[in-house]
Amino acid sequence: MSSPLHRRAHQSLVRRFAEARRRSPQDGETVSGHHNSNVIMPVGRPLALLLGMPSGEVLAKFRTPLPAIEVVPRLWRHESQVLRVVGERLSEVPKCLADFGDWSLHSYLTGRALADVVREGERIGRRRLSVLADFFARLADIPESVLPPVPADWPGSGDSHGFLGRLAQFTEQRVHQSNRPRFGSLFDAVGIPSDAVDRYRDSVQTLAARPFALLHTDVHRSNVLVTPGRDGENLVVIDWELALYGDPLHDLATHLVRMEYDSKERGVMIGMWASAMRRTGHADMTVELKRDLRTYLGFEYVQSLYPDVMRAALELPDEPARRHVVRAAERVCRALRRASGPLGLGPDRLPQEREVREALLDWHAKDMIRRMEWPDAGEEAERLETPVVGPLVGPVAAGRERWDRARLVERARRSENARSTAAPAHREPTGVGS
Ligand SMILES: Nc1ncnc2c1ncn2[C@@H]1O[C@H](COP(=O)(O)OP(=O)(O)O)[C@@H](O)[C@H]1O
Ligand SMILES: [Mg+2]
């Protein structure tokens, strides 16, 4: 672009045509994760011309953030900042074609999510494990100097313990405490100790110093695309908005947990990750691997308690059937079981599934009544927290509607009825922490 004036005029044209295109989502296919609604559709001729694309038929991803509960820290405001750096070094990531601040346009890579190629619980195989291990090693190669700037008080390279402390502080303040007004009674009723994060922090040994690197922090089966490649397939990691600068062991831990590997593939992945790091000159990132990985895995289980419980509750429909409540309770119990080791909770401190069902239904009914009394509460929550754990669905989305009192009372009553069929008579919730 020849001058700033031309550049601005060009950007404003791109925005105009992109907005117009985005208003026709029926021309594309919508795919959503926890944070964004993505419409995949042809860019159209005007945008193709403006962006220098060969034809209007080229597909792009019109990516719009969904209102969601914030559950992990965001270091960089714009995903495009990270994509630029990563794109220059790992060619196989989507390009950000335009960042409009409140939404963005990404190149579309033809492929299928790994989650659709390999079902949950199935092994992904050695070749793919090795490609992913190499991916982490290539991230570690990216020098700090080319990364977008980090806040002055962000822990410096090697301060692994400070980094974990920062993550834990975020979980306690921004995830646990911020959400207590709405979800505190539920957290307590399902037995999450009120001092869970402190408890966890007090129990861990000081971490060894490891050099920091760019971390993706969310490499799971839905964020890995299988695309056609020279020797069969490529694996492309998408969705970089939660990227951090920090201890590489944190990236490995979130990956191991969120990929849902079985114990065999988990072990293979750890070995391959360590070899890839050593082979590429990053042996110092593997110091105290075994001990400190356990610490980060523990943190992942502890921090995910809050989003798992909130998501389970939010995903209950307005009038939950028994199967909805059972599924939600299973999810909560699984999260509690996984966090029980790191939190030092014995089996006698874990609630029965029946008690969790009860707690969820209690919360659900009270939340509906709360929104009946403060009809704007849903919108308020939305304004408070952008972005979040997941789309505001079920009761929260309902908060956006204009509720009529009688309708809500009726729903709350039906919810009570569902409760009486979901579980025997109410007992005092158990497992409430110290
Ligand atoms: N290029 C693509 N090809 C195939 N599926 C895609 C592509 N981009 C996104 N998806 C699907 O859409 C989902 C959401 O996209 P993603 O960028 O991860 O958004 P979110 O931030 O909401 O998780 C992905 O998990 C994947 O299943
Ligand atoms: Mg995603």
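**Exercise 1.** Which is Glu288: buried, exposed or partly exposed?

*Solution.* Keep in mind that we're working with a predicted model. Start with the location: Glu288 belongs to the loop that runs between helix 9 (263-279) and helix 10 (289-303). Now count neighbours. There are 15 other C-beta atoms within 10 Å. Buried takes 20 or more and exposed takes 12 or fewer, so Glu288 comes out as partly exposed. While you're there, check the backbone: phi is positive, about 50°, although Glu288 is not a glycine.

**Exercise 2.** Find where Asp239 sits, and work out why it counts as buried.

*Solution.* First, the place: Asp239 is in the loop between strand 9 (232-237) and strand 10 (244-246). Next, the backbone: this residue is not a glycine, yet its phi is positive, at about 65°. Finally, the count: Asp239 has 24 C-beta neighbours inside 10 Å, and the cut-off is 20 or more, so Asp239 is buried.

**Exercise 3.** Describe how strand 1 and strand 2 are arranged.

*Solution.* Take the ranges first: strand 1 covers residues 29-32 and strand 2 covers residues 36-42. Then the pairing, which is antiparallel and has four bridges. For one concrete pair, look at Thr30, whose bridge partner in strand 2 is Val39. Last, look at the connection: three residues lie between the two strands, and together the strands form a hairpin.

**Exercise 4.** What is the angle between helix 12 and helix 13, and what do we call that arrangement?

*Solution.* Two numbers do the job here: for packed helices you want the angle between the axes and the distance between them. Helix 12 and helix 13 (residues 353-373) pack at about 115°, and their axes are 9 Å apart. Angles of 65 to 115 degrees count as roughly perpendicular, so that's the label for helix 12 and helix 13. The crossing of helix 12 past helix 13 is right-handed. For the contact itself, helix 12 supplies residues including Val325, Ala329 and Val332, while helix 13 brings, among others, Val356, Leu360 and Leu361.

**Exercise 5.** How many residues make up the largest nonpolar core, and which helix gives the largest share?

*Solution.* Begin with the total: the largest nonpolar core has 101 residues. Those with the most contacts inside this core include Phe136, Val190, Val332 and Leu360. Then look for the main contributor: helix 12 (residues 322-343) provides nine residues, the largest share. To finish, zoom in on Phe136. Leaving out residues up to four places away in sequence, Phe136 touches Pro248, Asp251, Leu252, Trp273 and Ala276.

Notes
Residues are numbered from 1 along each chain as its sequence is written. Chains are lettered from A and ligands numbered from 1 in the order in which they are written. This is a predicted model: local features need pLDDT of at least 70, side-chain atom pairs count only at pLDDT 80 or more; totals for chains, interfaces and linings use all residues. A nonpolar core is a set of buried Ala, Val, Leu, Ile, Met, Phe, Trp, Tyr and Cys residues joined through C-beta atoms within 7 Å. Two residues are in contact if their C-beta atoms, placed from the backbone, lie within 7 Å. Two strands pair if DSSP finds at least two bridges between them. Axes are lines fitted to C-alpha atoms, for helices over the stretch in contact, and angles run from 0 to 180 degrees between N-to-C directions. Angles under 35 degrees count as roughly parallel, over 145 as roughly antiparallel, 65 to 115 as roughly perpendicular and the rest as oblique. A crossing is left-handed if the near helix is turned anticlockwise from the far one by less than a right angle, and right-handed if clockwise.
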